Amino acid sequence: MRYPFSEIETKWQKFWEDNQVYKTDLNNLDKKLYHLNMFIYPSGAKLHTGHWYHYGPSDTWARYKKLKGFNVFEPMGYDAFGLPAENYAIKTGIHPYDSTMKNIHDIRIQLKNIGCMYDWNAELMTCVPEYYKWNQWLFLQLYKKGLAYRKNAPVNWCPKDQTVLANEQVQADGTCERCGTLVIQKNLTQWFFKITDYAEELLQGLEKINWPDKTKLMQRNWIGRSIGTEVKFIVDGSDEVITVFTTRPDTLFGVTYVVIAPEHSLVDKLTKPEFKNGVVSYRESIKSLTEIERTSTIKEKTGVPIGAYAINPVNGEKVPIWIADYALLTYGTGCVMAVPGHDVRDFEFATKFKLPIRKVILEPGAKEDDELKSAFTEVGKLINSGEFNGLNSDDGIEKISSFLEINNLGKKKVNYRLRDWLISRQRYWGTPIPIIHCPKCGEVPVDEKDLPVELPYDVEFKPGGESPLASNKKFYNVKCPKCGSDAHRDPDTMDTFVDSSWYYFRYLNPKFDNKIFDTSLTDKWVPVDMYVGGAEHATMHLLYARFIHKFLRDLGLTNSDEPFLNLVHQGTITNQGAKMSKSKGNVVNPDEFTSKFGTDVFRLYLMFMGPYEMGGDWSDKGIAGTDRFVQRTYELFNRFPNAIDKASSKKIYQIDSLNEDEKVIYRKINQTIKKFDEEVNNFRFNTAIASLMELLNELTKSLERCSPEIQSFTLERFGILLAPVAPHLAEECLQIIGKEDSIFKNTIWYEPDPLALIEDKVNIAVQINGKLRATLEMPMNSEQAAVKQSVFSDEKVAKYIEGKTVVKEIFVKNKIYNIVIK
């Protein structure tokens, strides 16, 4: 009889929903467990196989924990704002709100069909006013604390999407992460969140969370903490001071020129008239370069002098000032001291432009007058460094730093690579920024009582470099709340990563309207115990959420320091080597397989493909094998209807009281419980399922020769093990053998019998002159005399020793019997 998956899945999904089996009692804090998946973007492509690979196995872990007695909260929602819906509107004329709400409706049905145990009472979506009102409230709190600010700055601009991108959204090759268009630089006045104020705490907090080492390393590198010294270079003939940050003050005597960022305000002040044309031309030539291109180590070095000079504070020497694209206004001070003798980039630059190269650190074994063929960047002895000559260069770092501090020429400082979070987007489908711009009063925050500032429905979507919101005059033109003058709203919307930076709080009471979230619940349930999602979010969502969490803590709204205690990344399912996406046309539709095999088979197959964190390229070659496992399992349970009613089983059996078949089965089910428990707990689903397949093979061979008690004992436990990985199948199988209620309504988990994990028989390898000639099964801990008798009685062994002299016998209990012959 074939497993009628369609009928059974419909039956159990209806039961779960009608009986609110997955509704979490949030007041029950006994063994509470908040399990969360990164929520889904409601794309027009609906759920593809990559989504399934994320949500199905992760739900298996949550079900397993529920069976083990945890009060699991597993909600689901929709990260519903974003560019794709707006681009779709431009292309088709269908409004982003309409297409998004339809997609959410369709995806909700698909998610329910997976059979995940989401608490649908907690569902949320970020594109509705009752949610994004609190994005605006959050913005205003940051603004009050000086952590939301507006400035004119060079930004990453995507010409195709006609919007600004954060640094994190520009790929290593300088292209837009969403559409692949080459990103250019553009000066715009934009809103930023001051994440840099939390840089040190974001670094230190990584020690408190159980995240993949690679992800933590990526965040450490992105934050980029450097311990160094700020040094003041006075501009010759001017009151201006150029401040540089360096981690190598030991090389200060080797400075032969200074570089400042082409965009730096000092450039216009300091450039000599005869150098202005060259400076203007150079600035024009680099304005389309991204920061990644400008700082590339393999790009040809470019720059021009501005005709001014700076004075080296340690030796009074005048050195020329240049502008060059590798100096960035957004990093450090925007100024760099150049030491070509001991920095690879400076050496290449100085060589190209014939600038002096001075040796101030002597390489061990080298002579002072040896010519430098390349920059020496290692530790050596200081030379040409005044009173510091002869010092080890490592010691020189501290000594010269202290000298600068004592003489008010510089100071020790910690610097960070991390930049402030650029949140302005020149698009429609996002959260409006709650600021009004008045020609008299400047920036005026919208009063909290007037939130939300709602997105108008009627807008012109054609991208033109400014936000479509400016096209809706009714929305855009307002009176200033302070003075009553004509004013206008900020036309930009917020980066959608703002939406996802705090959403995990909101799930606990998504209808709550008194505050941003219900602290009576969040104080008990947050942080999230287990968070599952893609590694690609390491330096974006996962970093932003940590920042906002710490800010909310500082407002007194949460009692924890981190949002996600444990983090697991699922691998990526590719198709023909590329990540699945509608634009690439390589999306694998799971409906094609679930309609043929059912959702449990598809879930099992995805988990059985390989290690969860690895992912892999899509292939459906093995799904028939997974289907056979399901069919054989269903057949097995149907051979023992009402097994639980016919014979009640004990919790533990004395192994000696069982017949040989029962011993094998009893040991195997207990060993499988132990193995499955360990593997699923650590997200090793493929090996957990392999253990169930081995168990099924043994049960198919021997279960019918066991007593009804052992049959009942074994099948109940097998059904419970099935429940996390194939929930519909397990519910039906357990009902077949006599379970009256849903296993997820009245949960149970059986621990293995420790004595059943100990084998009473072992395989002894028989070697003759070092070569394996036979393997004998013997009782555990057999003495040599008993093993010897079996060894010399074995036909294979007898064949090899016939007519030979036994010189030596070596016995290792429970392992080897070695015979030496000649």
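In helix α12, the residues Ser393, Gly396, Ile400, Ser401 and Leu404 are buried. These buried residues cover an arc of only 130° around the axis, and therefore lie on the same side of α12. The structure described here is a predicted model. The buried residues of α12 pack against four strands, namely β8 (225-235), β14 (361-362), β15 (381-382) and β16 (410-416).

The length of α12 was examined next. The helix comprises 14 residues, 393-406, and at 1.5 Å a residue it should span 20 Å; the C-alpha atoms at its ends are 20 Å apart, so the expected and computed values agree. At the N-terminal end, α12 is capped by Asn392, with a side-chain oxygen of Asn392 placed 2.9 Å from the backbone nitrogen of Asp394. After the helix comes Asn408, which has a positive phi, near 55°.

A second region involves strands β19, β21 and β22. Strand β22 (residues 486-489) is joined to strand β19 (residues 435-438) by two bridges, and these strands run antiparallel. Within this pairing, His437 stands opposite His488 of β22. Strand β22 also pairs with strand β21 (residues 477-479), again in the antiparallel sense, over three bridges. Here Ala487 in β22 is the bridge partner of Val478. A hairpin is formed by β21 and β22, with six residues between them. In the turn of this hairpin, Gly484 has a positive phi of about 80°. Strand β22 is thus paired with β19 through two bridges and with β21 through three.

Key:
Residues numbered from 1 in each chain as written. Predicted model: local features only at pLDDT ≥ 70, side-chain atom pairs only at ≥ 80, totals over all residues. Heavy atoms only, no water. Expected span 1.5 Å × (residues − 1). Buried < 20%, exposed > 50% of the residue type's maximum accessible area, 1.4 Å probe, protein only. Arc of directions from axis to C-beta. Contact = heavy atoms within 4.5 Å. Polar contact = N/O pair within 3.5 Å; in protein donor to acceptor, adjacent residues only side chain to side chain. Pairing = 2+ DSSP bridges.
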